[in-house]
Amino acid sequence: MDKACIIGAGSSGIASAKVLKQHGIPFDCYERGSGIGGNWRYRNDNGMSAAYRSLHINTSKDRMAYSDYPMPTDFPDYLHHSQVLEYFEGYVDHFDFRGDIRFGTTVEEVAPVEGGGWDVTVTGDSGTPETHRYTAVLVSNGHHWDPRHPEFAGHFDGPTRHSHSYETSEGLEDRNVLVVGIGNSGVDIACEVSRVARRTMLSTRRSAHILPKYALGRPIDTYTTPAANYLPLKLQQAFFNLLMRLSHGSQDHYGVPTPEHTLLQAHPTISAELLNLAGHGKVTIKPDITELQGDRVAFRDGTVEPVDEIIYATGYKISFPFLSSEVIDSDDNEVRLYRLVAHPHRKNLFFVGLIQPLGAVMPLAEAQSIWVAKLLTGECALPDLATMEQRIDADLAAMRKRYVTSKRHTIQVDFFAYRDLMRKEVRRGRQPAARRAPIIAPLQAAAHGP
């Protein structure tokens, strides 16, 4: 029982596994597929990857690197999904924990044990369920796998699919295609489809601020720094608005409406292609759908367009099929977790990577894992329940105040501020009054970072 369980071997799960190993914490890591990589393994046989054939990451390589495993210098600024997976494979082999991952194993249920601990039921290649008991569970299975489908009045006669199942534009030649959703996936797919379709339309309720991948010759995310992150939000917004004006001018001039919300009040969309393709008439921006009418779609501006196929790039539901709603309730995509990691009422249940940062998840998942590891070794302790509940309320209130109301903005964080928050939790926990006996006794004296 004196062992941790990690669920998933994607980018967050492998970060957790590496950190626990460095801290000498025994663990089992369960992965449904036959390999690591999660969302970044194209056609992953775990059935949960949303990667499409042309996918490139929209954060620059150095911003997504783990702290102690730099990106290969010959990799481009923006990696193809195959290069992301290559980087992950090298990370696992460099830190030598592939043998600690049980591949081809599905977690069926995670249930609390009276008196402490967790029973984890898994099914492997044999098909026979097995139940193992653990002191702690780290849920690292990601939140981009359970597609959310919108509901509209009427019905549509043609084929529909979610962006989660999109792989290539093959089969969409000379068709009228409607992509719903102006997030990063929706825009990428619309741009790709526009090269073969007769007409490509992109429907959006509120539009989005379109950031270029490069500004003045630099990857756009390199303009965010730890120091700049602590400037007042209005100054940050003014700086990026100026950068966008210098890079491409007003997006209205290209036919992409500027949204009513201000920059950084919603997750930005990063695209090197959309504005040019919209300006060339290859992608037509449409407002929200009001009704599906068989082989046509009616929009809020009163127009009705013929449509042959609809691709819904409408995001994902936060869900945990192996956890009961009594353990965690994720209705409306909102979760009550301390610092979006620790369950305040369920001892030793942690969530790693359950965040939507303005930046890459990978380094933040690593920072979360370091904090969790130090909680398990007794170097840190969580605050009392009342304090955790107060801070959860405050964090949720701040998120609602900052971002537009959307199921997409319930786990939003700023990269540098959140990374510093993880470090702050570690420092707070290192105070003598906060130290505790180990929850899981380390197997060895581990050499690990701060």
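These legends go with a set of close-up views of one predicted model.

**View 1. The whole chain, before zooming in.** Start with the full predicted chain, whose secondary structure comes to ten helices and 23 strands. Its radius of gyration is 23 Å, close to the 22 Å that the globule rule gives for 450 residues, so the chain is as compact as a globular protein of that length. Laid along its principal axes, the C-alpha trace spans about 65 × 50 × 45 Å. And how much of the chain counts as buried? That comes to 56% of the 450 residues.

**View 2. Y52 meets Y166.** Here we zoom in on one of the 19 aromatic pairs counted in the model. Y52 and Y166 meet edge-to-face, with 5.9 Å from centre to centre and 70 degrees between the planes. Y52 comes from the loop between β2 (27-30) and α2 (61-64), while Y166 comes from the loop between β9 (160-162) and β10 (176-180), so the pair ties together parts that are 114 residues apart in sequence. Both Y52 and Y166 are buried.

**View 3. Y66 stacked with Y91.** In this pair the ring centres of Y66 and Y91 are 4.1 Å apart and the planes are at 25 degrees; since planes under 30 degrees apart count as stacked, this pair is stacked. Y66 sits in the loop between α2 and α3 (81-95), and Y91 sits in helix α3 itself, so the contact ties together parts that are 25 residues apart in sequence. Are these two buried or exposed? Y66 is buried, at a relative accessible area of 2%, and Y91 is buried too, at 0%. Widen the view a little and you can pick out an aromatic cluster made of Y66, Y69, Y87, F88, Y91, F95 and F97.

**View 4. Charges over rings.** Two spots show a charged side chain sitting over an aromatic ring. At one of them, the charged end of K213 is over the ring of Y78, 4.8 Å from the ring centre. At the other, R218 puts its charged end over the ring of Y223, 4.1 Å from the centre.

**View 5. The second largest pocket.** This view looks at a pocket holding about 620 Å³ of space. Its lining has 26 residues, and D395, A398, Q412, D414 and A417 are the ones nearest the pocket centre. Which elements give two or more residues to the lining? They are α6 (233-248), α9 (385-402), β23 (412-414) and α10 (415-429). Of these, α9 gives the most, with seven residues. Sorted by class, the lining of this pocket has 15 nonpolar, three polar and eight charged residues.

**View 6. The largest cavity.** The model has two cavities of 30 Å³ or more, and this legend takes the largest, with about 50 Å³ of space. The residues around it are V139, N141, G142, H143, F320, F351, V352, G353 and L354. By class, that lining has five nonpolar and four polar residues, with no charged ones.

**View 7. The second largest cavity.** About 40 Å³ of space lies in this one. The lining is made by A208, H209, H261, T262, L263, L264, A266, H267 and P268. Here the lining splits into five nonpolar and four polar residues, and no charged residue takes part.

Note on methods:
Residues numbered from 1 in each chain as written. Predicted model: local features only at pLDDT ≥ 70, side-chain atom pairs only at ≥ 80, totals over all residues. Heavy atoms only, no water. 1 Å grid on protein atoms, 1.4 Å probe; cavity = no way out; pocket = protein on both sides within 12 Å on 5 of 7 lines; lining within 4 Å. Points joined across faces, edges and corners; volume = space filled by probe spheres on them. Helix = DSSP H or I, 4+ residues; strand = E, 2+ residues; numbered from the N terminus. Nonpolar A, V, L, I, M, F, W, Y, C, P; charged D, E, K, R; others polar. Phe/Tyr/Trp six-rings, centres within 6.5 Å; stacked < 30°, edge-to-face > 60°. Buried < 20%, exposed > 50% of the residue type's maximum accessible area, 1.4 Å probe, protein only. Lys NZ or Arg CZ within 6 Å of the ring centre and 35° of its normal. Rg over C-alpha atoms; globule rule 2.2 N^0.38 Å.
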